[in-house]
Amino acid sequence: MQQDRENYRKCSSCGWIHYGISQEDAEQEIRDFNKMYATLSDSEKIQLYGGKAAKLDDYKSCANCAASYQEMTLLEPHDFKRIKGKTMQPILLA
Ligand SMILES: [Zn+2]
């Protein structure tokens, strides 16, 4: 995993680490996901994704505590030990 601190953000409220994404890239991910989502049956939409299509707001808050993406900070060098092998949610870069 690339250890470039510009690519990650840490929640200043709970400490969860996310990977940062530009609004342009987030919008592309949303379009791609929702195109796939539209092909699912109603029961699949609910079973797999809680009946929710992707939206930009999903990229604007901490996946753990819902703090705003504007409250994210850069990682400190010691934080990189915590991200190895972890799944991270994307967050908009402020
Ligand atoms: Zn948080």
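Me: What share of the 94 residues in the protein chain is buried in this predicted model?
Reply: The model is predicted. A residue counts as buried when 20 or more other C-beta atoms lie within 10 Å of its own. Among the 94 residues of the protein chain, the buried share is 16%.

Me: Which pattern of helices and strands does the protein chain follow along the sequence?
Reply: The C-alpha atoms fill a box of roughly 45 × 25 × 25 Å along the principal axes. Within the chain there are 3 helices and 4 strands. Read along the sequence, these elements give the pattern β-β-α-α-β-α-β.

Me: In what order do the 4 strands stand in the open sheet?
Reply: Strand β1, residues 8–11, is joined to β3 by 2 bridges in the antiparallel sense, and β1 also pairs antiparallel with β2 over 3 bridges. Strands β2 and β4 run parallel and are joined by 3 bridges. The pairing is therefore mixed, and the open sheet has the order β3-β1-β2-β4.

Me: Which strands stand at the edges of the sheet, and why is one side of each left without a neighbour?
Reply: Strands of a sheet pair through backbone hydrogen bonds, either parallel or antiparallel. Each edge strand has a single partner strand, so one side of it has no neighbour in the sheet. The two edge strands are β3 (72–73) and β4 (90–92).

Me: Which residue of β3 stands opposite Lys10, and which residue of β2 does so?
Reply: Lys10 belongs to β1, where it is buried on one side together with Tyr8, while Arg9 and Cys11 are buried on the other. Towards β2, Arg9 stands opposite His18; towards β3, Cys11 stands opposite Met72. For Lys10, the residue opposite in β3 is Thr73, and the one in β2 is Ile17.

Me: Which residue in the hairpin of β1 and β2 takes a positive phi?
Reply: The two strands of this hairpin pair in the antiparallel sense, and 5 residues lie between them. The phi in question is near 90°, and the residue is Gly15.

Me: How many of the 5 residues of β2 are buried?
Reply: Strand β2 covers residues 17–21 and is mostly covered. One of its residues, Ile21, has Leu92 of β4 as its bridge partner, and both Ile21 and Leu92 belong to the largest nonpolar core. The number of buried residues in β2 is 4.

Me: Which residues form the largest nonpolar core?
Reply: Cys62, a member of this core, touches Cys11, Ser13, Cys14, Trp16 and Ala67, leaving aside residues up to four places away in sequence. Cys11 and Met72, which stand opposite each other in β1 and β3, also belong to the core. Its 8 residues are Cys11, Ile21, Ala26, Tyr59, Cys62, Met72, Ile91 and Leu92.

Me: What is the distance between the end C-alpha atoms of helix α1, and what span should its 15 residues have?
Reply: Helix α1 comprises residues 23–37 and is hardly covered, with a count of 1 for its buried residues. At 1.5 Å a residue, its 15 residues should span 21 Å. The computed distance agrees with this, since the end C-alpha atoms are 20 Å apart.

Me: Which residue that is not a glycine has a positive phi of about 70°?
Reply: Most residues other than glycine have a negative phi. The residue in question lies in the loop between α2 (42–49) and β3. It has 11 other C-beta atoms within 10 Å and so is exposed. This residue is Ala66.

Me: Is Ala94 buried or exposed?
Reply: Ala94 is found in the segment after β4, and its C-alpha atom is separated by 24 Å from that of Lys52, 42 residues away along the chain. Not counting residues up to four places away in sequence, Ala94 touches Tyr69, Gln70 and Met72. With 12 other C-beta atoms within 10 Å, Ala94 is exposed.

Me: What percentage of the contacts with a separation of 6 or more joins residues 24 or more positions apart?
Reply: One contact in the chain is that of Ala94 with Tyr69. For the protein chain, the percentage of contacts with a separation of 6 or more that comes from residues 24 or more positions apart is 73%.

Definitions and conventions:
Residues are numbered from 1 along each chain as its sequence is written. This is a predicted model: local features need pLDDT of at least 70, side-chain atom pairs count only at pLDDT 80 or more; totals for chains, interfaces and linings use all residues. The expected span of a helix is 1.5 Å times one less than its number of residues. A nonpolar core is a set of buried Ala, Val, Leu, Ile, Met, Phe, Trp, Tyr and Cys residues joined through C-beta atoms within 7 Å. Two residues are in contact if their C-beta atoms, placed from the backbone, lie within 7 Å.
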